[in-house]
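Here is a walk through one protein chain, from its overall layout to the packing of its interior. Please keep the sequence and the 3D view at hand.

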Amino acid sequence: MEDGFETRSVRMERRLLMTVQAPVEDVDRIMGQVVKHAPLAMGKYDSNAFQSGSGIERYRPLEGAAAGPETEVRKRPGVVELSFELPDDPALLDRVIEAIFETHSYQEPVIRIHPILTGRSKGLDDSANPNRWWNTTGDWKKQAASGQ
């Protein structure tokens, strides 16, 4: 199963899940650089990533930290986690990690990589599926724009 498997509707493929913790104000800058190196494609969509809700990051700067050593633990609000999938390509990972490091505001950006199996639709005809958004309430973005 390490290489993946298929169901009738979905192919489960091996990928890497990259997660990055960042202040919310860094997100657009970081993701803008990431997609210059990796399109983050999923089927007929690109720029696919997830941003968690805002949380509190806890840390204490030690000797050698850019902020200088401190005795108290800092509690920074407004930190989110970004996650997106990448192919297992060392050259691509190098470029993406360097892009994150260059655009992140931290001295020690929190970057993690996890091997995963992820689903990709086989693109079967879903036109009659009553659970699909296009067969129910429609596009949330278009509804928000029209004030519905």
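**From overall layout to core**

In this predicted model, 25% of the 148 residues of the protein chain count as buried. The accessible surface comes to about 10,200 Å², and carbon and sulfur atoms account for 52% of that area.

The protein chain contains three helices and six strands, arranged along the sequence as β-β-α-β-β-β-α-β-α. Its radius of gyration is 19 Å, well over the 15 Å that the globule rule gives for 148 residues, so the protein chain is more spread out than a compact globule. The C-alpha trace spans about 60 × 45 × 25 Å along its principal axes. Among contacts with a separation of 6 or more, 71% are between residues 24 or more positions apart.

Next, the interior. The largest nonpolar core has 18 residues, and those with the most contacts inside it are Met18, Phe84, Leu86, Val96 and Ile100. At least two residues of this core come from each of β2 (10-23), α1 (27-37), β5 (74-86) and α2 (90-103). Leaving aside residues up to four places away in sequence, Leu86 touches Arg15, Leu16, Met18, Ala38, Leu40, Leu92, Leu93 and Val96.

How does α1 sit against its surroundings? Which of its residues are buried? Val27, Ile30, Met31 and Val34 are. These residues lie on the same side of α1 because they cover an arc of only 90° around the axis. Their cover includes β2, β3 (50-51), β5 and α2. On the face of α1 turned away from this buried side are the exposed residues Asp28 and Lys36.

How values were computed:
Residues are numbered from 1 along each chain as its sequence is written. This is a predicted model: local features need pLDDT of at least 70, side-chain atom pairs count only at pLDDT 80 or more; totals for chains, interfaces and linings use all residues. Side-chain values use heavy atoms; hydrogens and water are left out. A nonpolar core is a set of buried Ala, Val, Leu, Ile, Met, Phe, Trp, Tyr and Cys residues joined through side-chain atoms within 4.5 Å. Buried means under 20% relative accessible area, exposed over 50%, partly exposed in between (1.4 Å probe, protein chains only). Helices (H or I, at least four residues) and strands (E, at least two) are DSSP runs, numbered from the N terminus. Contact means heavy atoms within 4.5 Å. The arc is that of the directions from the helix axis to the C-beta atoms. The radius of gyration is taken over C-alpha atoms; the globule rule is 2.2 Å times the number of residues to the power 0.38. Accessible areas come from the Shrake-Rupley method with a 1.4 Å probe; for residues, only the protein chains shown count as cover.
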